[in-house]
Amino acid sequence: MLKKLYVYILLVFLICDSHAQYYLRGEIKDDQSKPLQNVRIGLHSDKNVYFSGTSGGYGISCVRQKDSVTLTLDGYLP
């Protein structure tokens with residue numbers, strides 16, 4: 001009986017942990033198609049801040065299929 005309980009609890013944790021994960025990725029470029037590095041990327045759903053890489057690329061793991069972001073960089077208007 002106790003063995004069945006452990007298996008059941010393990011399955012519940014696996015099912016809860018296996019909910020869909022999404023990956024938001026892309027590149028940030030200026031109007032001349034030059035990559036912009038260190039752009040501040042604010043993901044609205046989790047309130048975390050991420051930054052683009054040296055080639056302007058970014059990759060963010062998120063739990064929602066749809067979300068909103070805010071991009072900011074010194075010298076550029078929001």
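Where in the model does Asn38 have its place?

**View 1. Asn38 takes its place in a loop of this predicted model.** Look between strand E1 (22-27) and E2: that loop is where Asn38 belongs. Its backbone is worth a glance, since phi of Asn38 is near 60°, a positive value in a residue other than glycine.

**View 2. Strands E2 and E3 make a hairpin.** Here E2 (residues 40-43) meets E3 (residues 49-51) in the antiparallel sense, with three bridges holding the pairing. Five residues lie between the two strands. One of the loop residues between E2 and E3 is Lys47, and it too has a positive phi, near 60°, without being a glycine. Lys47 is also exposed, as its relative accessible area is 70%.

**View 3. Gly42 has a partner in E3 and another in E5.** In E3, the residue opposite Gly42 is Val49. Turn to E5 and you'll find Thr70 opposite Gly42. That second pairing, between E2 and E5 (residues 69-72), is antiparallel and runs over four bridges.

**View 4. Seven residues build the largest nonpolar core.** The members are Ile28, Leu36, Val39, Ile41, Leu43, Ile60 and Cys62. E2 and strand E4 (57-62) each chip in at least two residues of this core. As a rule, nonpolar side chains in soluble globular proteins tend to be buried together.

**View 5. Cys62 and the residues it touches.** Zoom in on this core member and you'll see Cys62 in contact with Gln21, Tyr22, Leu24 and Leu43, leaving aside residues up to four places away in sequence. Leu43 belongs to the largest nonpolar core as well.

Definitions and conventions. Residues numbered from 1 in each chain as written. Predicted model: local features only at pLDDT ≥ 70, side-chain atom pairs only at ≥ 80, totals over all residues. Heavy atoms only, no water. Pairing = 2+ DSSP bridges. Core = buried A, V, L, I, M, F, W, Y, C linked by side-chain atoms within 4.5 Å. Buried < 20%, exposed > 50% of the residue type's maximum accessible area, 1.4 Å probe, protein only. Contact = heavy atoms within 4.5 Å.
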